[in-house]
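User: I am new to this structure and should like to understand the reasons behind the terms used to describe it. Please set each value against its cut-off.

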Amino acid sequence: MGNNKITKRSDDYSEWYLDVVRSADLAEHSPVKGCMIIKPYGYAIWELIQKYINELFKKSGVKNMYFPLFIPESYIKKESKHVEGFAPEIAVVTYAGGKKLEEPLVVRPTSETIIGESFSKWVHSYRDLPIVINQWANVVRWELRTRFFLRTSEFLWQEGHTAHASKKEADERALEMIEVYRKFAEEYASMYVFVGKKSESEKFAGADVSYTIESMMQDGKALQAGTSHMLGQNFAKAFSIRFMNENKESEYVWQTSWGLSTRIIGGIIMMHSDDDGLVLPPKLAPISVVIIPILKKDEDINRKLLDLSSNIENMLNDICDIHDIVIDMDTDKRVGEKLYEWEKKGVPVRIEIGEKELSDGAVSIFRRDTKEKNIVAINGIRSYVDNLLIDIQSNLYIRSKKLADENTIEVSSFDEFKDALSKDSKFVYIPWCGRPECEENVKELTKASTRCFPLDQKGYNHESKCVICSEKSVGNVIFARSY
Ligand SMILES: [Zn+2]
């Protein structure tokens with residue numbers, strides 16, 4: 001078990017984050033710098049994420065498959081913007097089987113190129129379209145500064161890839177998938193997100209348009225939690241993915257790609273946890289309920305406590321569904337230690353049963369998010385816990401939205417803009433010119449970048465000028481510092 005002490009958020013936010021990860025036993029460092037070992041409890045969160053995302057994907061007509069880890073180096077070089085964007089982070093295998101390879105192999109940083117090559121073989125006629133596939137995989141992007149889940153050199157993700165006969169269909173698919181991510185973030189991860197379009201300098205290398213969901217962490221920084229790209233015909237032209245349309249004319253396909261990674265686990269941790277450790281939304285908590293019988297030296301009482309514990313477990317089994325219920329029968333630890341341990345693991349609901357509870361016919365139920373405790377009659381436990389899990393799920397979402405609402409501000413001058421980003425670390429919403437030079441200038445002065453042009457541009461005034469450079473604006477954008 002990890003270190004007991006958790007740094008306070010107000011003392012050192014990044015130490016706090018590491019302590020939360022360590023004390024919940026989610027992950028640890030690997031012998032290779034920048035990589036991480038995901039422990040069973042951390043991996044169980046990922047499995048829940050996979051399960052729900054797969055369900056949402058299936059509803060959206062997505063089929064899973066798998067492409068290889070290695071990509072011929074020449075493929076990566078075929079789309080010029082793509083290679084330019086990924087070159088600094090690429091890992092290459094030059095030796096294998098005791099010999100220097102004829103062509104070096106890139107360890108996939110993403111799979112547009114190798115999938116593009118396959119699409120060019122699969123697509124001949126408009127009848128072969130659309131193709132809508134996804135893979136769950138690991139990817140490698142050599143990062144210099146890494147942090148558990150949020151940024152690691154190797155990470156797990158899903159990457160979806162599609163090919164369509166028309167631009168319209170591809171546009172719609174890119175938007176449909178960002179909507180899937182929004183739904184997942186808000187309804188399963190209880191994370192309020194801004195949905196929007198990336199600026200030219202922040203978009204995916206090789207995309208025409210990138211959509212993103214961005215969430216505000218407790219320190220006011222943004223976390224990009226999922227992206228969906230309209231790739232236009234860029235990869236289609238690089239890999240010659242053509243089809244015969246209904247009029248027997250040869251055309252290039254239109255493509256999209258979209259991904260969500262283990263990074264979202266970092267976002268969930270940072271979003272919900274507190275100074276006592278991990279807090280998890282019930283839908284993504286591997287263990288929903290822990291039952292703690294407060295065991296004594298008296299065998300007879302202990303038997304009754306354990307009987308009641310397993311009765312309660314049975315009552316709650318179908319409510320907890322795919323999530324575990326644990327009865328903590330450890331007799332070595334003191335009760336206080338046990339309670340704290342489950343708190344650090346972020347188990348949403350804790351039920352304590354002692355001698356008094358036995359005689360009263362009621363138990364004490366603790367909720368991790370607000371740390372409130374209530375006494376509940378045994379015959380009412382089932383419906384109480386059922387409602388409580390729903391309530392915790394929505395309370396965490398409300399808290400997340402409130403944080404974002406309170407810390408997103410509109411400013412009208414560059415001085416206010418700088419203050420909001422350097423002093424306070426807010427999300428700042430302004431009319432902006434869209435020019436990369438203007439964004440570069442802001443990055444140097446404040447370390448903030450554009451997060452997105454929210455899709456909802458309600459209230460945008462077409463006459464307004466860029467708050468930073470006074471050029472004509474192209475839309476309202478959110479600037480923030482980010483992870
Ligand atoms: Zn500007």
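User: What makes the packing of H9 and H12 oblique?

Analyst: In this predicted model, helix H9 (residues 299–320) and helix H12 (residues 381–406) pack with their axes 9 Å apart and at an angle of about 40 degrees. Angles under 35 degrees count as roughly parallel, and 65 to 115 as roughly perpendicular. The angle of about 40 degrees belongs to neither class, and H9 and H12 are therefore oblique to each other. Their crossing is right-handed. On the H9 side, Ile312, Met315, Leu316 and Ile319 take part, and they meet Ile381, Arg382, Val385 and Asp386 of H12.

User: Why are H2 and H6 called oblique?

Analyst: The axes of helix H2 (residues 40–59) and H6 cross at roughly 140 degrees and come within 11 Å. To count as roughly antiparallel, an angle must be over 145 degrees, while roughly perpendicular covers 65 to 115. Since roughly 140 degrees fits neither, H2 and H6 are oblique to each other. Tyr52, Ile53 and Leu56 of H2 make the contact with Val180, Lys183, Phe184 and Tyr188 of H6. This crossing, too, is right-handed.

User: Why is Ser190 called buried?

Analyst: Ser190 has 27 C-beta neighbours inside 10 Å. The cut-off for a buried residue is 20 or more, so Ser190 counts as buried. Ser190 lies in the loop between H6 and strand S9 (194–197). Its phi is positive, about 55 degrees, although Ser190 is not a glycine.

User: How do you know whether Ser240 is buried or exposed?

Analyst: Ser240 has 12 C-beta neighbours inside 10 Å. A residue is exposed with 12 or fewer, so Ser240 counts as exposed. Its place is the loop between helix H7 (234–239) and strand S12 (242–244). Ser240 also has a positive phi, near 50 degrees, in a residue other than glycine.

User: Why is Ser120 called partly exposed?

Analyst: Ser120 has 18 C-beta neighbours inside 10 Å. Buried requires 20 or more and exposed 12 or fewer; the value of 18 falls in between, so Ser120 counts as partly exposed. Ser120 is in helix H5 (residues 112–122). Setting aside residues up to four places away in sequence, Ser120 touches Phe239, Ser240 and Ile241.

User: How do you know that the buried residues of H13 are on the same side of the helix?

Analyst: The buried residues of helix H13 (residues 414–422) are Phe417, Ala420 and Leu421. They cover an arc of only 90 degrees around the axis, which puts them on the same side of H13. An α-helix has 3.6 residues a turn, so residues three or four places apart point the same way. The cover over the buried residues of H13 includes strand S20 (408–410), strand S21 (427–432), helix H14 (436–446) and strand S23 (475–480).

User: Which residues have the most contacts inside the largest nonpolar core?

Analyst: They are Val253, Ile268, Val428, Ile478 and Phe479, in a core of 118 residues. Helix H6 (residues 167–188) gives the most to this core, with 9 residues. Apart from neighbours within four places in sequence, Val253 is in contact with residues including Phe119, Leu129, His164, Ile241 and Phe243.

User: What kind of peptide bond joins Leu129 and Pro130?

Analyst: The bond between Leu129 and Pro130 is cis, with omega about -5 degrees. Pro130 is found in the loop between H5 and strand S7 (131–140).

Notes
Residues numbered from 1 in each chain as written. Predicted model: local features only at pLDDT ≥ 70, side-chain atom pairs only at ≥ 80, totals over all residues. Helix = DSSP H or I, 4+ residues; strand = E, 2+ residues; numbered from the N terminus. Arc of directions from axis to C-beta. Contact = placed C-beta atoms within 7 Å. Core = buried A, V, L, I, M, F, W, Y, C linked by C-beta atoms within 7 Å. Axes fitted to C-alpha atoms, helices over the stretch in contact; angles between N-to-C directions. Left-handed = near helix turned anticlockwise from the far one by under 90°.
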